[in-house]
Amino acid sequence: MEKSKYPYGAKQSQFDMRYLQMAKIWAKNSYCKRRQVGALIVKERMIISDGYNGTPAGFENICEDETGKTKPYVLHAEANAITKVAKSGNSSDGATLYVTSSPCMECSKLIIQAGITRVVYCDEYHNLDGVELLKRAGIEVQKVEIQDIEDY
């Protein structure tokens, strides 16, 4: 019998691919020009929250300043999804976060505190300190190659 290249089995890998595809689609809602990121929080195969990077509610939908630099108050997709689930009264304890870009250090702290136990992403952020923090906290982290998503 051929061993699967996915550590969680074929059925879970199908869900992982599909949720990442959905996160990539959700990222298109972002008004950010430099980088669009999408996130989904899934618990027991149910999407309990979603998010994309952008400005806080009530702010203009312009993420970059006149020099093209991201404004300091822009929220990352993970932070948007986590705060949205908190506001809803649902619990993210034991959930999986699907995000199009590996989490930064600040978002990784939120992921840990939110009780998320697994993170699946496809693109790497410019540094991997956040991923290392997640692993140190015992959170399962899995990178899925983009061609894996497109081929699935």
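Leaving aside its neighbours within four places in sequence, which residues is Cys104 in contact with? Keep that in mind as you go through these close-ups of a predicted model.

**View 1. Cys104 and the residues around it.** Here's the reply to the opening question: once neighbours within four places in sequence are set aside, Cys104 is in contact with His76, Glu78, Tyr125 and Gly130. To find Cys104, look in the loop between strand E3 (96-101) and H3. Cys104 counts as buried, because its relative accessibility is 10% and the cut-off for buried is under 20%.

**View 2. Three residues that share a "binding site" annotation.** According to the UniProt record, an unreviewed entry, the "binding site" annotation covers His76, Cys104 and Cys107. These residues span 32 residues in sequence, yet no two of their C-alpha atoms are more than 9.0 Å apart, so they gather at one spot.

**View 3. A closer look at His76.** His76 sits in the loop between E2 and H2. With a relative accessible area of 29%, His76 is partly exposed. Not counting residues up to four places away in sequence, His76 touches Tyr52, Asn53, Cys104, Cys107 and Tyr125. Two of those names, Cys104 and Cys107, should ring a bell from the UniProt annotation.

**View 4. Arg118 and Asp16, a salt bridge between a strand and a helix.** Side chains of opposite charge can pair when their charged atoms come close. The model has four salt bridges, and one of them joins the side chains of Arg118 and Asp16, at 2.6 Å from N to O. Arg118 belongs to strand E4 (residues 118-123) and Asp16 to helix H1 (residues 9-27), so this pair ties together parts that are 102 residues apart in sequence. Is each partner buried or exposed? Arg118 counts as buried at 7% relative accessibility, and Asp16 counts as buried too, at 2%.

**View 5. Lys84 and Asp50, another salt bridge.** In this pair, the closest N and O atoms of Lys84 and Asp50 are 2.6 Å apart. Lys84 is in helix H2 (residues 77-88) while Asp50 is in strand E2 (residues 46-52), so the bridge ties together parts that are 34 residues apart in sequence. Lys84 is partly exposed, with a relative accessible area of 42%.

**View 6. Lys109 and Glu106, a salt bridge within helix H3.** Lys109 pairs up with Glu106, and their closest N and O atoms are 3.0 Å apart. Both residues lie in helix H3 (residues 105-113), three residues apart, which is about one turn of the helix. As for Lys109, its relative accessible area is 38%, so Lys109 is partly exposed.

Definitions and conventions:
Residues numbered from 1 in each chain as written. Predicted model: local features only at pLDDT ≥ 70, side-chain atom pairs only at ≥ 80, totals over all residues. Heavy atoms only, no water. Helix = DSSP H or I, 4+ residues; strand = E, 2+ residues; numbered from the N terminus. Buried < 20%, exposed > 50% of the residue type's maximum accessible area, 1.4 Å probe, protein only. UniProt positions renumbered as here; feature names shortened; annotations may be inferred. Contact = heavy atoms within 4.5 Å.
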